[in-house]
Amino acid sequence: MAPLRVFLVVLFGILVMLQTFSLPGQFAHMAEESPDFAYLRWPATAVAVFWVLCVQVVIVATWKLLTLVKHDRIFSDVALRWVDAIVWAITAAWAVLVGVFLYVGFNAGDPGLPLLLFLMVVGVAALGLLMVVMRALLRQATTLRTDMEAVI
């Protein structure tokens, strides 16, 4: 579990740098290079930073779940709340992605980007639904463990 925790810390740190420096700077540069699209600078920055925030929520929730596993408390209502946080973060990111897909889809002159965004919409939806299934499995395992403890 230690390598996963190291990975999560490094990933979180990179995302903070991306969120605070890289993304705002990148969209400012794009606005200077393409004045026709400069009006998209702040909406694109906000959307990108929001998506990074959603990933950060997933990282924190994963960290908390790892802690619960370490202390043998994964089969609890606390764990379900952290899984709910992951599901809600994925759902929020997916909803914004659908909005971006619709905006780009109605304004694109080339089908390439809308197709890529559609693929991302489907992929994030699949990830979200997978988390819903995992949540149901955790709930079932929690119920079984509680029932077993009551018998013993």
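1. The place to begin is the surface, where Leu127, Leu130, Val133, Met134 and Leu137 form a nonpolar patch with about 450 Å² of accessible area together. This is a predicted model, and the note should be read with that in mind. Leu130 is found in helix H4, and Leu137 lies in helix H4 as well. Leu137 is partly exposed, with a relative accessible area of 45%, and Leu130, at 47% relative accessibility, also counts as partly exposed. The C-alpha atoms of Leu130 and Thr62 are separated by 15 Å, although these residues are 68 apart along the chain.

2. Helix H4 also has an inward side, since among its residues Pro114, Leu117, Val121, Gly128, Met131, Arg135, Leu138 and Thr142 are buried. What covers these buried residues includes H3. As for the length of H4, its 40 residues should span 58 Å at 1.5 Å a residue, and its end C-alpha atoms are 59 Å apart, which agrees.

3. Which helices supply the largest nonpolar core? This core has 12 residues in all, including Ala61, Leu65, Ile86, Met131 and Leu138, and at least two of its residues come from each of helix H2 (41-70), helix H3 (77-107) and helix H4 (112-151). H3 gives the most to this core, with 6 residues. Leaving aside residues up to four places away in sequence, Ile86 touches Val58, Ala61, Thr62, Leu65 and Met131. There is also a second, separate core of 8 residues, which includes Leu15, Leu23, Phe27 and Leu66.

4. Helix H2 deserves a comparable reading, for its 30 residues reach 43 Å from the first C-alpha to the last, close to the 44 Å expected at 1.5 Å a residue. Its buried residues are Thr45, Ala48, Val52, Cys54, Gln56, Ile59, Ala61, Leu65, Leu66 and Leu68, and they pack against helix H1 (2-33) and H3.

5. What is unusual about the phi of Asp72? Most residues other than glycine have a negative phi, whereas Asp72, which is not a glycine, has a positive phi of about 55 degrees. Asp72 comes just after H2, in the loop between H2 and H3, and is partly exposed, with a relative accessible area of 47%.

6. Side chains of opposite charge can pair when their charged atoms come close, and in this model the count comes to 3 salt bridges. In one of them the side chains of Asp72 and Arg145 meet, at 2.9 Å from N to O. Because Asp72 lies in the loop between H2 and H3 and Arg145 lies in helix H4, the pair ties together parts that are 73 residues apart in sequence. Arg145 is partly exposed, with a relative accessible area of 27%. Arg145 also forms a salt bridge with Glu149, the closest N and O atoms being 3.4 Å apart, and these two residues, being 4 residues apart in helix H4, are separated by about one helical turn. Asp72, Arg145 and Glu149 are therefore linked in a network of salt bridges.

7. The salt bridge between Asp84 and Arg135 has its closest N and O atoms 2.2 Å apart. Asp84 lies in helix H3 and Arg135 in helix H4, so the pair ties together parts that are 51 residues apart in sequence. Are these two residues buried or partly exposed? Residues under 20% relative accessible area count as buried, so Arg135, at 18%, is buried, whereas Asp84, at 23% relative accessibility, counts as partly exposed.

Methods:
Residues are numbered from 1 along each chain as its sequence is written. This is a predicted model: local features need pLDDT of at least 70, side-chain atom pairs count only at pLDDT 80 or more; totals for chains, interfaces and linings use all residues. Side-chain values use heavy atoms; hydrogens and water are left out. A nonpolar core is a set of buried Ala, Val, Leu, Ile, Met, Phe, Trp, Tyr and Cys residues joined through side-chain atoms within 4.5 Å. Buried means under 20% relative accessible area, exposed over 50%, partly exposed in between (1.4 Å probe, protein chains only). Contact means heavy atoms within 4.5 Å. Patches are made of residues with over 30% relative accessible area and no salt bridge: like charges are joined within 9 Å, nonpolar side chains (Val, Leu, Ile, Met, Phe, Trp, Tyr) within 5 Å. Accessible areas come from the Shrake-Rupley method with a 1.4 Å probe; for residues, only the protein chains shown count as cover. A salt bridge is a side-chain nitrogen of Lys or Arg within 4 Å of a carboxyl oxygen of Asp or Glu. The expected span of a helix is 1.5 Å times one less than its number of residues.
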